[in-house]
Amino acid sequence: MMEGKDTLMSTLKTKRALLLYPGSLYFPFRLRHGATVASILLHLKGCISEYASVDICDLCQEYGFPQTEEEVKDFLVYSDDRFRGMDADYDLVGISCYTSLCFLATKEIGRLARMHWPDATIVVGGYHPTAAPEDFIYDGSPFDFVVRGEGEGPLRDIIQDSLKATHLPTIVTGKPLDPQEWADMPFAEYPYPKNMIDLWVNASRGCIMSCRFCCQSGEIAYPWRTKTVPSVLDMVQRAYAEVRPKNIFFSDPYLGVEKGWFKALLRGLIELDLPVAYEAECRVETLDDELTQLMSELRFSVILGIESLSPKMIERMGKARNPERYVRAAIEALHQLSGSRVPVNFQMIMNHPGESVETYQETVRTLWNIIENQEETSLMFVPHSFLLFPGNYVYSHMDEYARAYGYRINDVRWWTTTNPMVACQGMASDSLREAYGEDCDYWKEEVHALERAYLHKICVKTFVTRWFTKIETLKQRVPHRDRNRDDVFSRVVRDVFIAHDVVLEQCSPFSVRNLARYDADKRTVRRERDGFLRTNSPAVYDESLSTQEATDLVVGQNLAKHLQSVRSRLACACQ
Ligand code: B12
Ligand code: SF4
């Protein structure tokens, strides 16, 4: 009996599979994201490696983000060469179209994969295929299967031949798996070990809420499920033993749905006493004194998607059942976490459909109020411009938002265009249109002033360690193609980021990613940097101060001293 099973297993093992992440085309990112999608590829690899030998190719790690037509061409030449160099006849090619931003890259990489492996079964999965599976069905589509929802089940069926390709795209929906069925992530098998400084692990999936701008409000909302605390602790310990990350991020949409579970996890992590920093997304309603205390004992940063501080907007976003109570809880949580020096990255969605001048001003006023009432803060304020994704409530009720508030967007299918940053723009309401015309960046000036106000009060001690792990991480995130090129990007890194300060990366309107956009002209970069310094602190209005002295004044002597040594180390690394 056993022998028969072993023979079957070894036959199945002769199959070859390739898991690909194509990244995105035409988006203004310069630095690669950290090893974000790695966790998804590793989950998928883990679940089929019993049946096939599986390779991973993360083109985004290798190439970065092509932005211009020329770079896109170069990226496709790179990918074509890369596939040609792969000495394997794959039976299955799985492509992760993680977000809608990956759509065009996925189409192109799917086409190349079909050219190189004409007989392979090509499968696409991720959030975009979940939201808009019909986008992958067109004349000449290279895809055999379009997987909606969780990918493990369908991939296993395909590799075991219980789902056979008809060479016409077939839509299949993966069932939400029980956490006990999740395969272990083979951390050490990620082929880009240097990028494992940031490691993503997954303790739970799904969410109990259904905010209207989130995929959880869509047709395929994942039900909430979680691993047990001991199994999460085992996973974290194994991850640390295998790849020694500096940061462990939880990719859970909402860690801590159950307070008791969350507290037990934090206590367990404190006991493990690993030299890593943790980060996770949570909701304000979950936080209490004990959780705050546990977070402050651990190197734990919390991400809070607060989104708005106007009860009306909280209602329009479907963020909470009791909007007034939610806003009160948010303000209280921000004060409490900051008082305990827990690093917080709190995010706001600006220009969300239905936002009016009144709701916008209410949010901004409250944000000023919060920071004016703190002497020092551990709050990092991160605003985002609303982006309309398919597959959520706002998308499917776009017409209602248009009728009720006057919401309009340039192109509802922006992800199919080669100018997505313009196509995706729109005004949230007639109220804002009356005040600002069609300028959907109306909020930027004021909100960047707010960012600076938070930055001014940042408690350097709280963030110093975080910034340093960040530098290490950023070093790994310079795309390979840029490492040996003395192009403007390297100059940006050298002249601005390295020689200046890490604060820019995290907190300023001219973050390193934004600065990279000025890469055509070194002088522009310098001007922006100086502009940042000038507006950032009254102390640095003094023209006689050098960048170094200005930095000292902004972030304190200690950080500046460390920056000095890091700067020389990094300057060597970049030469
Ligand atoms: C954690 C998270 C992140 C993390 C990344 C974590 C990671 N693992 O990579 C961070 C913070 C870095 C991030 C960044 C972004 N994110 Co995000 N993120 C999430 C979140 C909260 C959970 C996703 C997750 O990791 N789940 C755990 C993993 C294990 O499961 P999974 O992702 O569901 O993967 C399964 C399926 O997608 C499928 N699958 C995926 N690939 C493939 C491939 C094949 C072949 C198959 C068969 C199946 C398959 O199978 C997987 C296993 O079951 C979701 C929201 C939510 N509520 O789920 C948003 C979400 C995915 N993010 C979103 C967006 C837009 C982004 C950003 C573009 C934001 C931005 N403007 O920068 C970036 C893009 C990052 C990138 N690399 O390109 C959107 C995507 C919407 C869309 N239609 O595109 C979501 C849905 C939030 C939303 N607005 O609704 N994100
Ligand atoms: S709490 Fe977060 S994950 Fe849950 S529905 Fe809202 S935005 Fe999505």
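This section describes the ligand surroundings, the nonpolar core, a parallel strand arrangement and an exposed loop residue in a predicted model.

The shell around ligand 1 comprises 40 residues, of which G94, T99, G125, G151 and P253 are the closest. By residue class, this shell divides into 20 nonpolar, 17 polar and three charged residues. Several secondary-structure elements supply at least two residues each, namely the helices α2 (38-48), α6 (127-131) and α7 (152-159) and the strands β3 (92-96) and β4 (121-125). Helix α2 gives the most, with four residues. Both domain 1 (2-179) and domain 2 (192-388) are represented in the shell around ligand 1, each with at least three residues.

Ligand 2 is surrounded by C207, M209, S210, C211, C214, Q216, P253, Y254, R283 and G305. Six of the residues in this shell are nonpolar, three are polar and one is charged. P253 appears in the surroundings of both ligands, being listed among the closest residues to ligand 1 and among the residues around ligand 2.

In soluble globular proteins, nonpolar side chains tend to be buried together. The largest nonpolar core of the model contains 136 residues, and A17, L20, L41, I48, L92, V93 and V344 have the most contacts inside it. Helix α2 provides the largest share of this core, with seven residues. The core draws at least three residues from each of domain 1 (2-179) and domain 2 (192-388). Helix α2 thus contributes both to this core and to the shell around ligand 1. For V344, when residues up to four places away in sequence are not counted, the contacts are S301, V302, L304, L334, L337, S338, S378, L379 and M380.

Strand β10 (residues 247-250) pairs with two other strands. Strand β7 (residues 198-201) runs parallel to β10 and is joined to it by four bridges, with V201 standing opposite F250. Strand β11 (residues 277-282) is also parallel to β10, through three bridges, and E279 in β11 is the bridge partner of F249. Within β10, N247 and F249 point one way, whereas I248 and F250 point the other way; all of these residues are buried.

A contrasting environment is found at T418, which lies in the loop between β15 (408-409) and α16 (420-423). T418 counts as exposed because it has 11 C-beta neighbours inside 10 Å, the limit for exposure being 12 or fewer. T418 and T68 are 350 residues apart in sequence, yet their C-alpha atoms are 9.0 Å apart in space.

Key. Residues numbered from 1 in each chain as written. Chains lettered and ligands numbered in written order. Predicted model: local features only at pLDDT ≥ 70, side-chain atom pairs only at ≥ 80, totals over all residues. Near = placed C-beta within 6 Å. Nonpolar A, V, L, I, M, F, W, Y, C, P; charged D, E, K, R; others polar. Domains from an automatic or database assignment. Core = buried A, V, L, I, M, F, W, Y, C linked by C-beta atoms within 7 Å. Buried ≥ 20, exposed ≤ 12 C-beta atoms within 10 Å, placed from the backbone. Contact = placed C-beta atoms within 7 Å. Pairing = 2+ DSSP bridges.
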